[in-house]
Amino acid sequence: LNEQENAPSDLVVGEGPTCGLIPIGHRCEFVHTTGLKWDLDGCALEFGGMVSTSNRAMREVITVQASHPLVFTAEMTSGNVTR
């Protein structure tokens, strides 16, 4: 939207259920998660190996413990609210 436009009052934007964990810079030796459809339990993530790009949030709170930095991705959703 430009400065002259207003967002419709019934437009909702939020995070959808699809999410992922992507290692940055180098291999992440271990990742533990809770709250995902496919929780990770100590596996390694790296490009050329396993990268979690299509998981699903199953709870309101997701926890992630990792040995190295990761990027957490989330699907952006939008739609009109039916009243």
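A residue counts as buried under 20% relative accessible area, as exposed over 50%, and as partly exposed in between, with a 1.4 Å probe and protein chains only. By that scale Met58, at a relative accessible area of 54%, is exposed, while 18% of the 83 residues of the protein count as buried. The model is a predicted one: local features need pLDDT of at least 70, side-chain atom pairs count only at pLDDT 80 or more, and totals for chains, interfaces and linings use all residues. Residues are numbered from 1 along each chain as its sequence is written, and side-chain values use heavy atoms, with hydrogens and water left out.

The protein has 6 strands and 0 helices, so the order of elements from the N terminus reads β-β-β-β-β-β. Helices (H or I, at least four residues) and strands (E, at least two) are DSSP runs, numbered from the N terminus. About 5,900 Å² of the protein is exposed, and carbon and sulfur atoms supply 50% of that area; accessible areas come from the Shrake-Rupley method with a 1.4 Å probe, and for residues only the protein chains shown count as cover. Of the contacts (heavy atoms within 4.5 Å) with a separation of 6 or more, 67% are between residues 24 or more positions apart.

Three of the strands form an open sheet in the order β3-β2-β5, with antiparallel pairing. Its edge strands, each pairing on one side only, are β3 (41-45) and β5 (63-66). Neighbouring strands of this sheet are turned against each other by 30° on average, direction ignored; axes are lines fitted to C-alpha atoms, for helices over the stretch in contact, and angles run from 0 to 180 degrees between N-to-C directions. Two strands pair if DSSP finds at least two bridges between them. Strand β2 (residues 28-34) is joined to β3 by 3 bridges, and His32 stands opposite Asp41 in β3. With β5, strand β2 pairs over 4 bridges, also in the antiparallel sense, and here Thr34 stands opposite Thr63.

The hairpin of β2 and β3 has 6 residues between the strands, and in it Gly35 takes a positive phi near 95°. Asp39 also lies in the loop between β2 and β3. Asp39 is partly exposed, with a relative accessible area of 37%, and beyond its neighbours within four places in sequence it is in contact with Thr33 and Thr34. The C-alpha atoms of Asp39 and Asn55 are 8.5 Å apart in space, with their positions 16 residues apart in sequence.

Met58 belongs to the loop between β4 (52-56) and β5. Not counting residues up to four places away in sequence, Met58 touches Gly35, Leu36 and Lys37. Pro17 is 41 residues from Met58 in sequence, yet the two are 7.3 Å apart, C-alpha to C-alpha.

Next comes the interior. In soluble globular proteins, nonpolar side chains tend to be buried together. A nonpolar core is a set of buried Ala, Val, Leu, Ile, Met, Phe, Trp, Tyr and Cys residues joined through side-chain atoms within 4.5 Å. The largest one here has 5 residues, namely Leu21, Cys28, Val31, Leu40 and Leu45. Leaving aside neighbours within four places in sequence, Val31 is in contact with Leu21, Leu40 and Leu45 of that core, and its other contacts include Cys43, Val64 and Leu70.

The cysteines remain. A disulfide is a covalent bond between the sulfur atoms of two cysteines. With the cut-off set at a pair of cysteine sulfur atoms within 2.5 Å, a search of the whole structure finds 0 disulfides. Why is Cys43 not bonded to Cys28? The sulfur of Cys43 is 8.6 Å from that of Cys28, its closest cysteine sulfur, and this is too far for a bond. The C-alpha atoms of Cys43 and Cys28 are separated by 8.7 Å, and the residues are 15 apart along the chain. Cys43 lies in strand β3 and counts as partly exposed at 22% relative accessibility. Setting aside residues up to four places away in sequence, Cys43 touches Glu29, Phe30, Val31 and Met50. Cys19, with a relative accessible area of 3%, is buried.
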